[in-house]
Amino acid sequence: MNNSSQTPFVMVVFGATGDLMHSKLMPALFKLYEEKKLPRKFFIVGFARRPLTDGEFRKMFNVNEDFAKNLFYQQGLFEKGQGYKKLIARLESFDKEIGACITRFFYLATPPRNYETILDNIVATKLDESCGPESDK
């Protein structure tokens, strides 16, 4: 075993159906997985406008089934709150599955012109807060 952290995490990739995800990000993540540098439990959620299921999203990448089971998809428009709200529910389901608040981080695989809109919506929906908007209740 290596010294990598075994703490579960959620990585949300905005613009997950684009070229950056296909050509750079997914190959790098899969390499980390093959080298056993990722924790046993992790979740990678793609966020983009295309209407895809988790299964259709998984098939977009040339990865093995064990890795692919960690891939999920949330359809949403960067400028509309509805997709972010559905994303919150998905992230909360991962927290419940693990039984703890999972570390989450966001990756913007989009053109820079989308950054402000995405970041504004992350803040507006409180996705940037620990365990999401329900954590302060």
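User: In this predicted model, what covers the buried residues of helix H1?

Analyst: The buried residues of H1 are Met-21, Leu-25, Met-26, Leu-29 and Phe-30. Their cover includes strands S1, S2, S3 and S4, together with helix H2 (54-59) and helix H3 (65-68).

User: How should the length of H1 be read, and what span should its 16 residues have?

Analyst: At 1.5 Å a residue, a span of 22 Å is expected for the 16 residues of H1, and the end C-alpha atoms are 22 Å apart, so the two values agree. The helix nevertheless has a kink of about 40 degrees at Leu-25, shortly before the proline Pro-27. Leu-25 also belongs to the buried residues of H1.

User: Which residue with a positive phi follows H1?

Analyst: That residue is Lys-36, with phi near 60 degrees. Lys-36 is not a glycine, yet its phi is positive. The residue is found in the loop between H1 and S2, and Lys-36 is exposed, with a relative accessible area of 57%.

User: Where does Lys-126 lie, and what is its phi?

Analyst: Lys-126 lies in the segment after H5. Although not a glycine, Lys-126 has a positive phi of about 65 degrees. Its relative accessible area is 34%, so Lys-126 counts as partly exposed.

User: How does one read the sheet, and in what order do its strands stand?

Analyst: Strands of a sheet pair through backbone hydrogen bonds, and the pairing may be parallel or antiparallel. Here, four strands form an open sheet in the order S3-S2-S1-S4, with parallel pairing. Strand S3 (71-75) and strand S4 (103-108) stand at the edges; each has a single partner strand, so one side of each lacks a neighbour in the sheet. From one strand to the next, the twist averages 20 degrees.

User: How many bridges join each pair of strands, and which residues are partners?

Analyst: The pairs can be taken in turn.
- Strand S1 (residues 9-14) pairs with S4 in the parallel sense over six bridges, and Phe-9 stands opposite Thr-103 in S4.
- S1 and S2 run parallel and are joined by six bridges; the partner of Val-13 in S2 is Gly-46.
- S2 and S3 pair in the parallel sense over five bridges, and Phe-47 has Gln-74 in S3 as its bridge partner.

User: Is strand S2 enclosed or open to the outside?

Analyst: In a regular strand the side chains alternate between the two faces of the sheet. For S2, both faces are covered: Phe-42, Ile-44, Gly-46 and Ala-48 are buried on one side, and Phe-43, Val-45 and Phe-47 are buried on the other. Seven of the seven residues of S2 are buried, so the strand is largely enclosed by the rest of the structure.

User: Through which helix does the chain cross from S1 to S2, and is the crossover right-handed or left-handed?

Analyst: The chain passes through H1, and this β-α-β crossover is right-handed.

User: Which strands does helix H5 lie across?

Analyst: Helix H5 (residues 115-124) lies across S1 and S4, and runs at about 160 degrees to S4.

User: Is Thr-110, in the loop between S4 and H5, buried or exposed?

Analyst: A residue under 20% relative accessible area counts as buried. Thr-110 has 10%, so Thr-110 is buried. Not counting residues up to four places away in sequence, Thr-110 touches Phe-14, Gly-15, Phe-78, Tyr-115 and Ile-118.

How values were computed:
Residues are numbered from 1 along each chain as its sequence is written. This is a predicted model: local features need pLDDT of at least 70, side-chain atom pairs count only at pLDDT 80 or more; totals for chains, interfaces and linings use all residues. Side-chain values use heavy atoms; hydrogens and water are left out. Two strands pair if DSSP finds at least two bridges between them. Helices (H or I, at least four residues) and strands (E, at least two) are DSSP runs, numbered from the N terminus. Axes are lines fitted to C-alpha atoms, for helices over the stretch in contact, and angles run from 0 to 180 degrees between N-to-C directions. Contact means heavy atoms within 4.5 Å. Buried means under 20% relative accessible area, exposed over 50%, partly exposed in between (1.4 Å probe, protein chains only). A crossover is right-handed if, with the strands pointing away from the viewer, the path from the first strand over the helix to the second runs clockwise. The expected span of a helix is 1.5 Å times one less than its number of residues. The bend at a residue is the angle between axes fitted to the seven residues ending there and the seven starting there.
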